[in-house]
Amino acid sequence: MFCYRIYYDKNYPHLYLATDWMWAFTRRDFIKVAGAATAGTAAYLTLKRYPPVLRAAAQPPTPNGGSAPKVTTVPGVCIQCPAGCGILVRTVEENGVRRAIKIEGNPANPNNLGKICPKGQIGLQILYDPDRIKGPMKRAGKRGEGKWTQISWDQAISEVADHLRKLRERGEPHKLAILSGRLRGQSGGLNGRFLTAYGSPNDVGHSSICADGTPQAHYAAMGFKSYSGFDWDNTKYLISFGGSFVEAWRPTTRLLRAYGTMRRGTPVRAKIVSVDARMGITAAKADEWVSIKPQTDGAMALAMAHVIVRDKLYDEKFLREHTDAPSLVAEGKLLVKNVEEEKDGKKTTYSLYTVWDEAAQKTAVWSTKTLAYDPPATKSALMGEYTVEGKKAHTVLQLWWDEVLKEATPEWAEKITGVSVETIERLARELATTKSAVAAGERGVSMQTNAVYSRIAVLALSALIGSIDTPGGITVQKGPPLKAWPAVKQDDIAKKGVAQPRVDYAGTETYPMAGKVYQDIPDRILEGKPYELDTIFHHYTNPLFSTPDPERFYRAYEKLPGLIVTFSPYMDETSAYADYILPDHTFLERWQDDTIYPSVGFPIQGLREPAVQPLFDTKNVWETLILLAKAIGGTVGESFPWKDAEDLLKSTYQGIYDSKKGIMGLGGKKVADMKSFDEFWSEFVKTGVWTDPPYTFGEWKRVLATGSGRFEFLSGNLEHKLEDLAKKKAQKENISEHDALEKIAEGLQLQARGEALFLPHWEPPRYAGDEARYPLHLVTYKLMAHAEGRGANTPFLQENLGPHVREKWDTWVEINPVTAHHLGIANGDPVWVESQVGKLQTRAVLFEGARPDTVNMPFELGHRVYGRWAKGRGVNPNEIMANVNDRLGGLEAFSATRVKVYRAEGPPPARPAMEVRSHA
């Protein structure tokens, strides 16, 4: 047996660290240590060859009244992906020092039921990484030169706060931005609160380079800006567009359990169809892999909708009761009347949508007040044209057919997608005729140049078959009843600052549906528009590695006049280029909560408490922000009334105690039976999880939060956004609103016009690179070992990197054998992968799971820094990826770059160390 060696560092007597090499730990050794723990054999405890952590774990009770090491189990939450799985951390305390020695799943957490995936096993390597940053650091040389001065927290807080204070005094608080990654619990809210109190609108999360197309599609059609859950345990048919169901979809462990249930845990085995440009593990374990050309998922989804509507395979009851399919449209406008009602001095407004009653042969209305028809017995028409008040009117479903679906035939889609007519016809029928079926999509379809419309098209398939908020279908996650924080206090400086436009143009005519456009920050800095940024904080993110064409960030950060501050506990690429590093605790050392990602439907809140005391002079980012706010003073400091992270959590979770809802984990105490908040908090800390099952179907006002209270094929939210922007543009440029909307659509590079703009429709994709010169599509993907870009510094994940191609500790490019033969490339050959941005050298892996017109590369390795296990291993495909966006949603298109691949001579060159770069 091989195990990672643990060594002792005399400079840090409380710390045991894993080295970069493995040592032979035989089966006999394992039995000896296990025997020592079981039989109390003291002889083995003195053998110096065994690692200290194993000796501590094997320590038997000490005879003659001596004290044995104290073994405890501390509940917490994993943080290696967004799943939020509950964990139990086994610790051993000896001589006043507590060490974590084992991580297991928490069976009290209904999310993962005691199971964890490979990423959950690496927590100890995160904690005991020998290359962690030991305390606050200040740059001593040029940016990126690698020269640092270790400083105290008092100095770090004082100097950063002083810079921020002076920025406010100049009336420029909006020139501060916070870039953030996969934040958990209250972290995102705390970032936003800091900026609001300080005076900046620039809270820029990373989801525009992740999967923001999904929440944008939900907002357009269902009215909520979040991911959805799925009732996987009852799903009998799944067609997944661009979703790595058993590899890298969220939440991982929940989906792995769901996969097992769908395949063997029910009397009827569910069928799984994977529509993807590559055959990963998900496609390999599906019943069927549909190989599709990158960026064409929307065309296939529309063609399937064509078949379902053409053959009337849709769910008539669901379409009538819970969608806008029957609503009448005349002269490009919905026939709707708004009614204002006053009761007890309060005015409310509701809407009446006109429909055609097939039974009575006259109009009727759908009321958003009652979510019902008036009269109740209305049988609304789903298709057809009717005369209403002298105008020709047609239903929304008829409009969608006439404007889009009629021409979106399987024959049309075959030419675009490469998927055969027969396959599209068959899959459409299977989906529509199987009870408890669902169409789902994820990052592969939501991160394209046509992402928003393509993702809405996939979502519309589930609506057509009535698979929303029903067993086996899409669910909408419920949130916990947390207590709201006190209102932010703002002085005049803050009010003026937050009124400035966002630096990333999110929500403007440049990116109308976007909430943030993370990947464009370097372009905004280099342009100096809409204004020059001064200072950037980085919270749990590494843009100099994780964004397409990261060279842009290097150039921009050389120009940035103020401070680059990171909170990373590791020397990642961005930290190596920073001015100050204010290192965070690892997740096993800090207080933090965690809200489950949409999955099971009912709310689950996890709690991280410190499993061990901080190993180094690090600090919880929450407390760093609190200290910075108080150091700045005034209304900024007054907006942060908490003394530390635990105090903040207690005040927030007072809301759950006051609600008297839920239980403390599966089988735990009811909150309603608790006598005080102290009792509640004690149980929360003890259990590590609060939950409030079960999920209840049919809460339509919560599930469908659109203006009509229904699923909208004709998106009111999208229409209102574009028309509001057109009104502002018309006033500013003194042109008509029609011309203004036309100019906006042109700027967004959209081809559709009229009502089609607000319907699920096809927008041809855009690609970076001339096809004649760069004939292959580059597709990058996440592996099971991908820990949100943070797994490269963990040996366990490096060892389990690419099991589907038997690769580890290095990067590879997957090439179809036929394509490789034409290029003269053999398996294992060194090759160049070149785009219009640049080129990388790696090794070829001949893989039939790659399309002949596509090459695939995993995203995880290729770090210039980031510790001994990550530095110099593999290549980063982002370095040759063009920054191409879905302009409507501000989404990075990760499959829009074309490349060419050709054989290289000799082995791949060694990766350079981090160096100072000059872009004069």
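This report walks through two sheets, two helix pairs and some local backbone features of one structure. The model is predicted.

**The four-stranded sheet**

Start with an open sheet of four strands. The order is S16-S17-S18-S19, and the pairing is antiparallel. Strand S16 (336–343) and strand S19 (372–374) are the edge strands. Each of these two pairs on one side only. From one strand to the next, the twist averages 35°.

The pairings within this sheet can be set side by side. Each row gives one antiparallel pair, its number of bridges and one pair of residues that stand opposite each other.

| Strand pair | Bridges | Residues opposite each other |
|---|---|---|
| S16 and S17 (residues 346–357) | eight bridges | Val339 and Tyr350 |
| S17 and S18 (residues 362–367) | six bridges | Val355 and Ala364 |
| S18 and S19 | three bridges | Trp366 and Tyr373 |

Two hairpins belong to this sheet. S16 and S17 form a hairpin with two residues between them. In that turn, Asp344 has a positive phi of about 55°. S17 and S18 form a hairpin too, with four residues between them. Here the turn holds Gln361, with a positive phi of about 55°.

**The seven-stranded sheet**

Another open sheet has seven strands. Its order is S7-S6-S26-S25-S24-S8-S9, and the pairing is mixed. Strand S7 (148–150) and strand S9 (203–205) stand at the edges. Each has a single partner strand, so one side of each is left without a neighbour in the sheet.

Inside this sheet, strand S25 (residues 564–566) runs parallel to strand S26 (residues 580–581). Two bridges join them. Thr566 stands opposite Ile581 in S26.

A helix covers part of this sheet's strands by contact. Helix H4 (residues 153–169) packs on the sheet and touches strand S6 (137–139), strand S8 (176–180), S24 and S26. The direction of H4 makes about 135° with that of S24.

**Two helix pairs**

Two packed helices are described by the angle between their axes and the distance between the axes. Two pairs are described here in that way.

Take helix H26 (residues 716–733) and helix H27 (residues 737–747). Their axes come within 8 Å and cross at roughly 110°. That crossing angle makes H26 roughly perpendicular to H27. The crossing is right-handed. On the H26 side, the contact is made by Leu722, Leu725, Ala726, Lys727, Lys729, Ala730 and Glu733. On the H27 side, the residues are Glu737, Ala740, Leu741, Lys743 and Ile744. By class, the contact of H26 with H27 has seven nonpolar, no polar and five charged residues.

Now take helix H5 (residues 187–198) and helix H21 (residues 621–632). Their axes come within 10 Å and cross at roughly 10°. That angle makes H5 roughly parallel to H21. H5 contributes Ser187, Leu190, Asn191, Phe194 and Tyr198 to the contact. H21 contributes Trp622, Leu625, Leu628, Ala629 and Ile632. The contact of H5 with H21 divides into eight nonpolar, two polar and no charged residues.

**Local backbone features**

Where do cis peptide bonds come into the chain? One runs from Lys529 to Pro530, with omega near 0°. Pro530 sits in the loop between helix H17 (521–527) and strand S24 (535–539). S24 is also a member of the seven-stranded sheet. Another cis peptide bond joins Pro693 and Pro694, with omega about 0°. Pro694 lies in the loop between strand S29 (689–691) and helix H25 (700–703).

Positive phi values also turn up in loops. Asn95 is not a glycine, yet its phi is positive, about 55°. The loop that holds Asn95 lies between strand S4 (86–94) and strand S5 (97–105). Is Asn95 buried or exposed? Asn95 is exposed, with a relative accessible area of 77%.

Lys312 has a positive phi near 55° and is likewise a residue other than glycine. Its place is the loop between helix H9 (297–310) and helix H10 (316–322). Lys312 is exposed, with a relative accessible area of 60%.

Definitions and conventions. Residues numbered from 1 in each chain as written. Predicted model: local features only at pLDDT ≥ 70, side-chain atom pairs only at ≥ 80, totals over all residues. Heavy atoms only, no water. Axes fitted to C-alpha atoms, helices over the stretch in contact; angles between N-to-C directions. Parallel < 35°, antiparallel > 145°, perpendicular 65-115°, else oblique. Left-handed = near helix turned anticlockwise from the far one by under 90°. Contact = heavy atoms within 4.5 Å. Nonpolar A, V, L, I, M, F, W, Y, C, P; charged D, E, K, R; others polar. Pairing = 2+ DSSP bridges. Buried < 20%, exposed > 50% of the residue type's maximum accessible area, 1.4 Å probe, protein only.
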